[in-house]
Amino acid sequence: MFEIKLDNAKYWRDCISAIGSLVDEGLFNITKDGITLKAMDPSSISMVSFSMPSKSFSKFTIDKNSSIGVNLENLGKILSRTRDDEALVMKDSEGKLSLEFVGPSSRRRYKLQMIDVKKSVEKEPNVVFDANVEISGDPLKDILKDASLISSYIAFKASKDQFTTSAHGDSGELEELHNKDGAVMKKVDASKNAEAVYNLEFLENMVKSCPSGNSIQIAMKSNEPLKLSYSIGDSELVYYLAPYMED
Amino acid sequence: MFEIKLDNAKYWRDCISAIGSLVDEGLFNITKDGITLKAMDPSSISMVSFSMPSKSFSKFTIDKNSSIGVNLENLGKILSRTRDDEALVMKDSEGKLSLEFVGPSSRRRYKLQMIDVKKSVEKEPNVVFDANVEISGDPLKDILKDASLISSYIAFKASKDQFTTSAHGDSGELEELHNKDGAVMKKVDASKNAEAVYNLEFLENMVKSCPSGNSIQIAMKSNEPLKLSYSIGDSELVYYLAPYMED
Amino acid sequence: MFEIKLDNAKYWRDCISAIGSLVDEGLFNITKDGITLKAMDPSSISMVSFSMPSKSFSKFTIDKNSSIGVNLENLGKILSRTRDDEALVMKDSEGKLSLEFVGPSSRRRYKLQMIDVKKSVEKEPNVVFDANVEISGDPLKDILKDASLISSYIAFKASKDQFTTSAHGDSGELEELHNKDGAVMKKVDASKNAEAVYNLEFLENMVKSCPSGNSIQIAMKSNEPLKLSYSIGDSELVYYLAPYMED
């Protein structure tokens, strides 16, 4: 049994959107510390690890740890209907997740069927990264879009004081240089050069829900999975993406 | 022969849009009192009754009552091109409906082929309703959209002081409570509880053209056709919709 | 070898968009006077002639005249990614066209594969026009859209002091009168009446990129190709369109 309340329902909507852009279904673990979810996308190329601390909630009552499996697309649809000035109360109710939106003059209650999620040990990749990059989220979205006009893949290259992206395809090629301490590139810190190619569609889904104005952290090691993370309020979204290896 | 003029062509555009969202073709009756149209949708589940008084027109000249059949989709397309500050003059012209848009420096004249509309006695359903609900149009549009994420049908339930909507589908269920005298619910007045299920797509088409800020009147009796009405300026739109009966 | 620079990359983007709406590929001729391109659309019904003077560029260095063939769709995609406050440096680089966008804190370099364009003598039609019309671009776009609801063709008719457009189709007919010296019609000057029918889709593509607020010049002679032209900054776009002849 749990009953938890967020004063601003849109906060939960934005977090679910960030998870649902990558995975179809997931298992939320609810403990006294807060809510976490780890899930791989259906193709197993990428992974998301989400955590929201209990302090984000104005009410957080649980009698024991619970795990609830949900279809994230259906949950996302419900949350897309959030109005301004609505609080959200979530609780479990006979195998269903109850979501109650409480507005100034109406209340709206959804009950979402819980689902079985094959629980697997979702360990995060254990990589010692060589390079850390901090980049503004909005320009990063633009950089990915630039490359998508040329190719389905993008190469990231981090060196001591520069972060370079490139793409090449039948119609031409693209290279973008971002200097450290610019408006776009906040920090580059590489003990060794790191370079790898990644699938653009996955990257675009990962950064899509980063709130405008926030920074994104990228950790890299040549030809190893990328770690990409950002915050939504108190919550943390961490994504991993396997590199693309040409045959 | 008739020649009628509206100083604001957009008024006619909005009325035709409200009719055309439900029916494909219709017969406008033009008498000295004004213009009326009654038509059923192709599936005969719903009906629209429209009336616009002659006082809405700055010129209203008719030599006898006329009935003109028009394809509402074609008429709607023409009206979608209305610019700001245009007056509209309509007259009959050799089996065609002439629409002349008169703007500050241009005039644009369409002639729309009239069509044969099988004239049937379109009597309005004769129901003694148990409940009357007055609800703001914009939140009602939201309520229908909420339900459409769950199901193709919505249940309306009116009681002495509450109006409740609900929907259920494979992915979950939804219930919304609206208290009397809230910003959403203007009035609820039920001599007896009334409850029925309606097709969402039809309801959405009915309310679509309700001008922002206007109220919508709903009259109900359990498992009987719903009456839904609102005004556009001096004109009145009345819709009827048969209830959905599960087998 | 050439190296040319525009302080505002969006200027080039808008010009390429105006060319690319009609033709898929083209040959840019670069001489000390500037850049020109003449091309016919794949169906040979229409032609575009573009010229941009060297004074539009903040840097214009060429060692000899060059002709570069480009796929305009691919070039247009690259230019669609132009950000505010970016300059553009273009040069040839080993059979590729290099486009470097230089912004405040990043630089982005595309290399676009040049292509073979079958060079043909693209002479402009030699017509002595009877009528010249100057019309505001935005209302002309509206006029074309009005007609497209009725037909795929539009008739233009210019007389001493009036410009009339008309269309007819199965659903009805349309006629628009535009008086001289109105807000829409700037000038009409016809030594003889001129009248012809043109393909609407081509006309819509021709006027699409006319900057808001600019005027469009139309030169006509009955049943001869139309000449339609407008400016984007210092650059001139001239289009020709063969009349539609009903069998």
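This tour goes from one chain to the relation between copies, then to a contact between chains and to two sheets that cross from chain to chain. The model is a predicted one.

**Chain A on its own**

Begin by selecting chain A, in which four helices and 18 strands are assigned. Its radius of gyration is 19 Å, close to the 18 Å that the globule rule gives for 247 residues, so chain A is as compact as a globular protein of that length. If you turn the C-alpha trace of chain A along its principal axes, the spans to look for are about 55 × 35 × 35 Å. Colouring by burial would mark 41% of the 247 residues in chain A as buried. Of the contacts in chain A between residues at least 6 apart in sequence, 65% join residues that are at least 24 apart.

**Chains B and C**

Next, select chains B and C together and superpose them: a turn of 120° with a shift of 0.0 Å along the axis lays chain B on chain C with an RMSD of 0.1 Å. That is the relation of a three-fold axis.

**Where chain B touches chain A**

Now show chains A and B, where 15 residues of chain B are in contact with 16 residues of chain A. On the chain B side, helix H3 (137–148) and strand S13 (172–179) each supply at least two residues, and S13(B) gives the largest share, eight residues. By type, the residues on this side of chain B divide into five nonpolar, five polar and five charged.

Which strand of chain A is joined to S13(B)? Select strand S9 (residues 106–113) of chain A, which runs antiparallel to S13(B) and is joined to it by seven bridges. Within this pairing, centre the view on A:Lys111, which stands opposite B:Glu173 in S13(B).

**The sheet shared by chains A and C**

Move on to chains A and C, and follow the open sheet of nine strands in the order S15(A)-S11(A)-S12(A)-S13(A)-S9(C)-S8(C)-S7(C)-S1(C)-S5(C), in which the pairing is antiparallel. Its edge strands, each of which pairs on one side only, are strand S15 (194–199) of chain A and strand S5 (59–62) of chain C. Looking across the sheet, neighbouring strands are turned by 15° against each other on average, direction ignored.

At the chain C end, strand S1 (residues 2–6) and S5(C) pair in the antiparallel sense over four bridges, and C:Ile4 stands opposite C:Phe60 in S5(C). Then add the helices: helix H4 (residues 200–207) of chain A lies across strand S11 (153–158) and S15 of chain A, running at about 90° to S15(A). Helix H2 (residues 72–80) of chain C lies across strands of both chains, namely strand S13 (172–179) of chain A and strands S8 (96–102) and S9 (106–113) of chain C, and runs at about 175° to S9(C).

**The sheet shared by chains B and C**

Finally, select chains B and C again and trace an open sheet of nine strands with antiparallel pairing, in the order S5(B)-S1(B)-S7(B)-S8(B)-S9(B)-S13(C)-S12(C)-S11(C)-S15(C). Strand S5 (59–62) of chain B and strand S15 (194–199) of chain C stand at the edges with a single partner strand each, so one side of each is left without a neighbour in the sheet.

Inside this sheet, strand S8 (residues 96–102) and strand S9 (residues 106–113) of chain B pair in the antiparallel sense over seven bridges, with B:Leu97 opposite B:Leu112 in S9(B). Helix H2 (residues 72–79) of chain B packs on the sheet, touching S8 and S9 of chain B together with strand S13 (172–179) of chain C, and its direction makes about 175° with that of S9(B).

Methods. Residues are numbered from 1 along each chain as its sequence is written. Chains are lettered from A and ligands numbered from 1 in the order in which they are written. This is a predicted model: local features need pLDDT of at least 70, side-chain atom pairs count only at pLDDT 80 or more; totals for chains, interfaces and linings use all residues. Copies are superposed by least squares on the C-alpha atoms of residues with pLDDT of at least 70 in both. Two residues are in contact if their C-beta atoms, placed from the backbone, lie within 7 Å. Ala, Val, Leu, Ile, Met, Phe, Trp, Tyr, Cys and Pro count as nonpolar, Asp, Glu, Lys and Arg as charged, and the others, Gly among them, as polar. Two strands pair if DSSP finds at least two bridges between them. The radius of gyration is taken over C-alpha atoms; the globule rule is 2.2 Å times the number of residues to the power 0.38. A residue is buried if 20 or more other C-beta atoms lie within 10 Å of its own, exposed if 12 or fewer, and partly exposed in between; C-beta atoms are placed from the backbone. Axes are lines fitted to C-alpha atoms, for helices over the stretch in contact, and angles run from 0 to 180 degrees between N-to-C directions.
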